[in-house]
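Please open the model in a viewer and keep the sequence panel visible. The stops below may be selected in turn.

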Amino acid sequence: MLRVVPENSDQLVPLNPAAPDDNSASLKSRPLFGLDAPALATVLAGEGEPIWRAKQISEAIYCQYITEISSVTTLSLDLRQKLASHGWQIGRPAIAKTFQSTDGTERYLVQCRPGDATTVETVWMPEGDDGEAGDGTDNEPSVAPPFPARSEGRVGKKAGALEPSHNNSETNPWRRATICVSSQVGCAVNCQFCLTAKLGLQRNLTAGEIAGQVVAVLDRHAVRVGRDRVNLVFMGMGEPFLNYDNFMAAVRLLVEEVGLSPQRMTVSTSGIVPGIERFAQEPSELRPKLAISLNAPNDHIRAVIMPINRKWPIWTIMDAVRGINLRPRERITFEYVLLGGVTDRPEDARQLARLVRRTGLPAKVNLIAWNPGPGIAYATPDPASVADFQKTLIADGIPAYIRQPRGRDIFAACGQLKRTIEG
Ligand code: SAH
Ligand code: SF4
């Protein structure tokens with residue numbers, strides 16, 4: 001049965017869509033957040049300061065989650081005042097509004113820059129949605145091995161004096177958590193089942209705006225990088241591989257400056273082949289894991305629900321994915337949204353299993369029951385057909401997991417992220 005989300009729900013936020021993005025304030029300000037270590041060194045050199053101070057700034061904004069220059073007490077008061085008087089500010093994206101789900105999920109509207117009306121959505125899922133499971137990485141720490149945390153066991157400022165622990169349930173109400181990150185405002189890809197598609201593409205996010213969503217959420221939950229289990233999924237609004245340079249620059253910041261491991265990050269793409277080809281060239285110490293939004297068992301159905309398939313059909317995607325030099329035990333994830341009566345039939349499951357086997361890739365399938373959105377005429381599948389679909393895949397030798405819809409009541413679930421409604 002088709003479930004339609006009421007347009008007047010108070011969990012959808014009426015922002016004034018006519019309000020122009022006010023960039024005037026952000027043009028005058030000079031944000032430090034988003035700059036990597038060499039760029040921070042250039043700023044300091046330009047201020048006539050020793051470049052080793054870049055490390056102090058980086059530590060303050062990316063590790064201690066400090067948001068005001070005046071609070072960076074590792075810098076002298078004079079230097080803080082000089083930087084501020086020259087227009088420098090930390091300028092980290094900020095959580096402007098929070099929606100809390102009964103299941104613990106939180107959805108945030110994140111204001112990209114001070115003085116800019118642009119907001120994007122970011123989601124915190126304590127316990128995740130099971131989409132990360134099954135690849136053997138869940139017991140690994142979240143710290144990046146080649147770029148060890150500079151102060152081992154360092155903590156966000158709110159977590160101050162916590163004792164080292166490998167089980168964050170001692171100090172936090174969650175054992176592991178997943179942050180779902182947006183890469184664009186809206187999306188140009190036009191998948192027929194996705195609410196974000198209805199926005200069209202409004203703009204690309206910068207590296208600082210992508211990484212800033214993560215740091216704002218780490219700060220809110222006092223996450224101790226290197227100790228707490230946190231996964232990132234680039235599965236929020238937008239198509240990361242159509243904003244490739246900024247997306248990968250954000251990953252570099254998150255790995256090299258924040259200290260997160262790329263092996264605990266997953267980027268999802270609708271199948272942008274040139275992006276996958278570039279991704280295959282990234283060094284493994286920086287490359288997140290890859291998920292492909294397959295969503296259909298053949299080109300015929302896929303082209304209807306994902307028009308982008310006409311440009312890059314399934315086997316062009318698979319050929320590009322085969323160019324990736326996978327790490328030991330790493331698997332490609334195929335995401336598969338089950339649309340009732342369209343892609344959830346037993347023959348779809350059998351065909352999907354054959355397709356995945358033919359790729360020859362180490363792979364798993366994440367099944368996602370379609371989440372409804374206003375004005376989208378698909379149906380949520382029956383729970384029984386989702387369970388049968390999974391059984392068929394498993395019986396055919398394909399690892400398959402059902403992703404739990406998290407935060408449906410606050411429109412935080414997959415494909416429900418949308419910035420505005422008619423206000
Ligand atoms: N643009 C990227 C990442 C964001 S979408 C991509 O498409 O992969 C993240 C996931 O949400 C994709 O797998 C997509 O197929 C899925 N999705 C989109 N709309 C959905 C909906 N209404 N219900 C369930 N999953 C949805
Ligand atoms: Fe864009 Fe992904 Fe939604 Fe498709 S599913 S419209 S690529 S956000």
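Begin by selecting Leu 232, whose bridge partner in β10 is Met 265. The two strands concerned, β9 (residues 229-234) and β10, run parallel and are joined by 3 bridges. Strands here are DSSP runs of E with at least two residues, helices are runs of H or I with at least four, and both are numbered from the N terminus; two strands pair if DSSP finds at least two bridges between them.

This is a predicted model, in which local features need pLDDT of at least 70 and side-chain atom pairs count only at pLDDT 80 or more, while totals for chains, interfaces and linings use all residues. Residues are numbered from 1 along each chain as its sequence is written, chains are lettered from A and ligands numbered from 1 in the order in which they are written, and side-chain values use heavy atoms, without hydrogens and water.

Next, display the whole sheet. It is open, has 10 strands with mixed pairing, and follows the order β3-β4-β5-β6-β9-β10-β11-β12-β13-β14. Its edge strands, each paired on one side only, are β3 and β14 (400-403). From one strand to the next the twist averages 25°.

Move to the β3 edge. Strand β3 (residues 94-100) runs antiparallel to β4 (residues 106-111), and 6 bridges join them. Select Ile 95 to find Val 110 of β4 opposite. The two strands form a hairpin with 5 residues between them, and Gly 104 in the turn has a positive phi of about 95°.

At the other edge, select helix α11 (residues 383-395), which lies across β12, β13 and β14 and runs at about 160° to β14. Angles run from 0 to 180 degrees between N-to-C directions of axes fitted to C-alpha atoms, for helices over the stretch in contact, where contact means heavy atoms within 4.5 Å.

Now select ligand 1. Its surroundings comprise 19 residues, the closest being Gly 238, Ser 268, Ser 293, Trp 370 and Asn 371; a residue is near a molecule if one of its heavy atoms lies within 4 Å of it. At least two residues of this shell come from each of β10 (265-269), β12 (332-338) and β13 (363-369). A nitrogen atom of ligand 1 is 2.8 Å from a polar backbone atom of Asn 371, and polar contacts are pairs of N or O atoms within 3.5 Å.

Finally, select ligand 2. The residues around ligand 2 include Cys 187, Cys 191, Cys 194, Gly 238 and Glu 239.

How values were computed
Polar contact = N/O pair within 3.5 Å; in protein donor to acceptor, adjacent residues only side chain to side chain.
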